[in-house]
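Let's take a walk through this fold together, starting from one turn and working outward. Keep the viewer open as you read.

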Amino acid sequence: MTAAAAARQPVHTHFVEGLGTVTVTPVDPAADAGLIHGWVTQERARFWGMGGAGRELVREIYEDIDRRTTHHAFLVALEGEPAALFQTYDCAADRVGECYDARPGDVGVHLLIGPCEGAPRPGFTGGLLTAFLAFVFSDPATRRVVAEPDARNTKAVARLERTGFVLGPEVVLPEIDLPEVHLPAKPARLVFLDAPAPPAPPAGSR
């Protein structure tokens, strides 16, 4: 982890039993571009859609996200080591909002698990998902999480379904062609997860 990244403070910390402490920290485009570039250009990350991006373009893309109030990017660390890239966005302000009727409180998410070193750890992906969702739902304004994995990425769709997401329709996200970023049209499967119900008040309380 870079010195700049280490100096930043997490916006969320979550302990996952059997896995360890997960922290969620905003991306610093300049400090983190090299790490993110190394992840998104691997073959395993082909559905992220940035396989041909250079490091400078990756930095520019995340600078564009950093300027927005509706889109946010985070590095997720497990016991201090970078483990995933996590992004949230207001569905009504994103291209996914053109493909379904977005509700107030809908928060979209993108998730890229980083490459694992050593032997696979049981519960690794599920534990990170638990921490991500706890972070998103810690904002009481979030009423539903929406994900739109590539429809061809059946592994990711199945993982989200096992986590509790409800399958929605298959859609085609429209192309975005801006000076800062180009996103091609994408076949996606929408999936939805409602916010947990608030705990019931203790018996006898008013």
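Before we look at the turn, one bit of vocabulary: two strands count as paired if DSSP finds at least two bridges between them. Keep in mind, too, that what you have on screen is a predicted model.

With that in hand, go to the hairpin of β3 and β4. Two residues sit between the strands, with 2 being the count for this hairpin, and Glu 79 takes a positive phi near 50 degrees there. Just at the mouth of the turn, Leu 78 stands opposite Glu 81 of β4. From here you can follow the pairing away from the turn: Val 76 has Ala 84 in β4 as its bridge partner, and Ala 73 is matched with Gln 87. Taken as a whole, β3 covers residues 71-78 and β4 covers residues 81-90, and the two run antiparallel over 8 bridges.Now step out to either side of this hairpin. β2 joins β3 in the antiparallel sense, over 5 bridges, and one of the pairs you can look up is Pro 26 with Phe 74 in β3. β4, in turn, pairs with β5, again antiparallel, over 7 bridges; there, Asp 90 has Val 107 of β5 as its bridge partner. What links such strands is general: they pair through backbone hydrogen bonds, either parallel or antiparallel.

Why does β3 count as largely enclosed by the rest of the structure? Because 7 of its 8 residues are buried, where buried means under 20% relative accessible area. β4 is mostly covered as well, with 7 of its 10 residues buried.

Zoom out and these strands turn out to belong to an open sheet of 8 strands with mixed pairing, in the order β1-β2-β3-β4-β5-β6-β10-β7. The edges are β1 (12-16) and β7 (166-173), each of which pairs on one side only. Going from one strand to the next, the twist averages 30 degrees.

What packs on this sheet? Helix α2 (residues 29-40) does, touching β2 (20-26), β3, β4 and β5 (106-113). The direction of α2 makes about 90 degrees with that of β4. Next, find helix α3 (residues 55-67), where Arg 55 is located. Leaving out residues up to four places away in sequence, Arg 55 touches Ala 33, Gly 34 and His 37. Arg 55 and Leu 35 are 20 residues apart in sequence, and their C-alpha atoms are 9.2 Å apart in space.

A second arginine is worth a stop. Arg 121 is found in the loop between β5 and α4 (124-137). Which residues does Arg 121 touch, not counting those up to four places away in sequence? They are Gly 18, Leu 19 and Leu 78, and Leu 78 is the residue we met earlier opposite Glu 81. Arg 121 and Gly 18 lie 103 residues apart along the chain, yet 9.9 Å separates their C-alpha atoms. As for exposure, Arg 121 has 43% relative accessibility, so it counts as partly exposed.

Follow the chain from that loop into α4 and look for its crossing with helix α5 (residues 154-163). The axes of the two helices come within 11 Å and cross at roughly 65 degrees, and α4 passes α5 in a right-handed crossing. On the α4 side the contact is made by Thr 125, Gly 126, Leu 129 and Leu 133, and on the α5 side by Arg 159, Leu 160 and Thr 163. By class, that contact has 3 nonpolar, 3 polar and 1 charged residues.

Finally, pull back to the whole protein. There are 5 helices and 10 strands, and of the 206 residues, 42% count as buried. How much of the contact network spans long stretches of sequence? Among contacts with a separation of 6 or more, 60% are between residues 24 or more positions apart. The protein exposes about 11100 Å², and carbon and sulfur atoms supply 55% of that area.

How values were computed. Residues numbered from 1 in each chain as written. Predicted model: local features only at pLDDT ≥ 70, side-chain atom pairs only at ≥ 80, totals over all residues. Heavy atoms only, no water. Helix = DSSP H or I, 4+ residues; strand = E, 2+ residues; numbered from the N terminus. Axes fitted to C-alpha atoms, helices over the stretch in contact; angles between N-to-C directions. Contact = heavy atoms within 4.5 Å. Buried < 20%, exposed > 50% of the residue type's maximum accessible area, 1.4 Å probe, protein only. Areas by Shrake-Rupley, 256 points an atom, 1.4 Å probe, with all protein chains shown as cover. Left-handed = near helix turned anticlockwise from the far one by under 90°. Nonpolar A, V, L, I, M, F, W, Y, C, P; charged D, E, K, R; others polar.
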